[in-house]
Amino acid sequence: MISNDAKIGVIGAGTMGTGIAQVAATQGHHVFLYDAYPQQLEKSKAGLESILARQVEKERMTQKEVDGILNRINFVDNITGFGECGFVIEAIVEDLDIKKDTFARLEGIVSKDCVLASNTSSLSVAAISSALKKPERFLGVHFFNPAPLMKLVEIIPGIATDKQVFESTKTFIKSWDKITVSGKDTPGFIVNRVARPFYGEALRIYEEGIADAATIDWAMKEIGGFRMGPFELMDLIGHDVNYEVTSTVFEAFYYDPRFKPSFAQKRMVEAGWLGRKSGRGFYNYNDDTKNPEPTKDKQLGQKIFNRILTMLINEACDAVFMNIASVEDVDLAMQNGVNYPKGLLQWADEIGLKNVLDRMTALQVEYREDRYRPNPLLKKMVADGKSFYEE
Ligand SMILES: NC(=O)c1ccc[n+]([C@@H]2O[C@H](COP(=O)([O-])OP(=O)(O)OC[C@H]3O[C@@H](n4cnc5c(N)ncnc54)[C@H](O)[C@@H]3O)[C@@H](O)[C@H]2O)c1
């Protein structure tokens with residue numbers, strides 16, 4: 001059990017580590033935030049101070065609360081203090097060897113009951129745990145960016161994780177005012193697996209020349225109710241990051257064509273058009289006049305939205321079919337990890353599973369590609385006349 005007043009260790013003071021430290025300190029925990037690079041610690045501290053100062057300006061927090069949070073975070077350049085921690089989470093560079101080395105060193109310092117977690121997005125929990133003498137106390141605890149704002153945390157037990165460690169970590173993270181879901185230790189866990197078609201199918205439609213980026217974004221926002229279109233979102237995430245995740249998931253799924261990366265995105269990465277951060281992606285961020293207006297054709301928009309949503313639902317069905325997560329957790333994950341306007345399986349029920357299957361089958365008939373194969377669970381549920389959320 002992780003005690004309610006446990007001291008928390010965070011390894012890596014980058015985007016995620018700083019956010020997680022903020023969450024833990026806001027919940028009243030004493031936090032050790034460690035980074036191997038002193039300049040990163042300074043950057044993390046300055047960034048946090050400025051984020052929290054803005055909270056005071058906006059009257060969302062008092063100066064006293066902010067001082068409390070900052071006082072509870074100890075920015076440290078070594079992990080010797082981690083012996084006092086009840087829970088340690090790692091958020092360093094996404095490199096298996098470096099993570100394994102870090103956990104092997106950490107295990108020699110922490111107490112025997114300390115729970116160890118990784119915030120990895122794409123490495124397997126099993127692979128990281130192989131560095132530990134006691135892998136039973138280790139699991140994946142996957143926060144979303146920005147950690148203080150995004151409610152979702154995926155809790156991922158590895159094959160060696162002790163059931164009690166899993167349960168108590170879940171309860172503990174929930175007590176941080178987070179929504180937890182649990183998923184199997186498989187590539188992309190829940191969100192990064194189920195969300196692939198949001199980008200992949202949008203890119204495919206774009207590559208086929210059915211519509212331009214602005215029109216696809218317009219369709220997904222105006223007709224679908226998504227907060228951001230896929231191209232705007234890829235520009236924000238960065239094409240280097242998004243392409244890397246797609247390629248990793250594709251390889252990890254033994255090259256399943258459902259996850260095939262796109263040449264259009266690869267070329268953007270090669271050209272250095274990484275999105276907002278480089279000033280240029282699918283949109284031009286230096287000169288807005290160069291950005292095309294969407295073609296606001298309702299019929300075309302509906303066709304685009306139907307196709308992307310159908311592929312997303314098919315992927316959500318696969319996550320349930322393959323026991324990656326429960327129906328409820330898949331829906332919670334997509335609504336709270338990537339702000340989808342509705343749970344995909346709830347959406348499927350509303351559209352009617354037979355209609356979803358018909359749309360999927362039409363794509364398969366048109367393209368004759370394995371990418372468009374309807375999921376067996378979807379087919380079975382239609383044959384049995386079932387829905388995901390029965391009355
Ligand atoms: N950025 C995201 O959107 C996001 C979301 C969920 C999960 N993640 C995962 O979280 C982890 C961190 O991602 P990030 O975006 O915060 O990265 P980041 O580059 O912002 O931060 C990584 C930090 O780790 C430090 N570091 C590198 N090697 C270290 C070592 N050996 N010991 C201690 N510190 C070390 C770096 O100095 C840097 O400050 C990765 O595993 C990533 O996959 C990222």
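Helix 1 gives the ligand shell its largest share, three residues, in this predicted model. Helix 1 spans residues 15-26, and helix 4 (96-107) and strand 6 (138-143) join it as elements that each put at least two residues into the shell. In total, 24 residues surround the ligand, and the ones that come nearest are G12, G14, M16, A36 and N145. As for chemistry, the shell splits into 11 nonpolar and 11 polar residues, with two charged ones making up the rest.

Helix 4 turns up again in the strand layout. The chain leaves strand 4, passes through helix 4 and arrives at strand 5, with strand 4 and strand 5 pairing in the parallel sense over four bridges. This β-α-β crossover is right-handed. So a helix that supplies at least two residues to the ligand shell is also the connection between two paired strands, and strand 4 itself is largely enclosed by the rest of the structure, because six of its six residues are buried.

Strand 4 (residues 85-90) has a partner in strand 1 as well as in strand 5. Strand 1 covers residues 7-11 and runs parallel to strand 4, with five bridges holding the pair together. Within that pairing, V10 sits opposite I89 of strand 4. Toward strand 5, which covers residues 115-118, the bridge partner of F87 is V115.

Zooming out, the protein falls into two parts: domain 1 takes in residues 7-185 and domain 2 residues 192-384. Their C-alpha centres lie 30 Å apart. Where the two meet, 12 residues of domain 1 are in contact with 11 residues of domain 2. On the domain 1 side, strand 7 (152-157) and strand 8 (179-182) are the elements that give two or more residues to the surface touching domain 2. Strand 8 gives the most, with three residues. The make-up of that side is mixed: five nonpolar, four polar and three charged residues.

Put together, domain 1 runs from residue 7 to residue 185. Helix 1, helix 4 and strand 6 each hand at least two residues to the ligand shell, while strand 7 and strand 8 do the equivalent job on the side that touches domain 2.

Terms used. Residues are numbered from 1 along each chain as its sequence is written. This is a predicted model: local features need pLDDT of at least 70, side-chain atom pairs count only at pLDDT 80 or more; totals for chains, interfaces and linings use all residues. A residue is near a molecule or strand if its C-beta atom, placed from the backbone, lies within 6 Å of it. Ala, Val, Leu, Ile, Met, Phe, Trp, Tyr, Cys and Pro count as nonpolar, Asp, Glu, Lys and Arg as charged, and the others, Gly among them, as polar. Domain bounds come from an automatic or database domain assignment. Two residues are in contact if their C-beta atoms, placed from the backbone, lie within 7 Å. A residue is buried if 20 or more other C-beta atoms lie within 10 Å of its own, exposed if 12 or fewer, and partly exposed in between; C-beta atoms are placed from the backbone. Two strands pair if DSSP finds at least two bridges between them. A crossover is right-handed if, with the strands pointing away from the viewer, the path from the first strand over the helix to the second runs clockwise.
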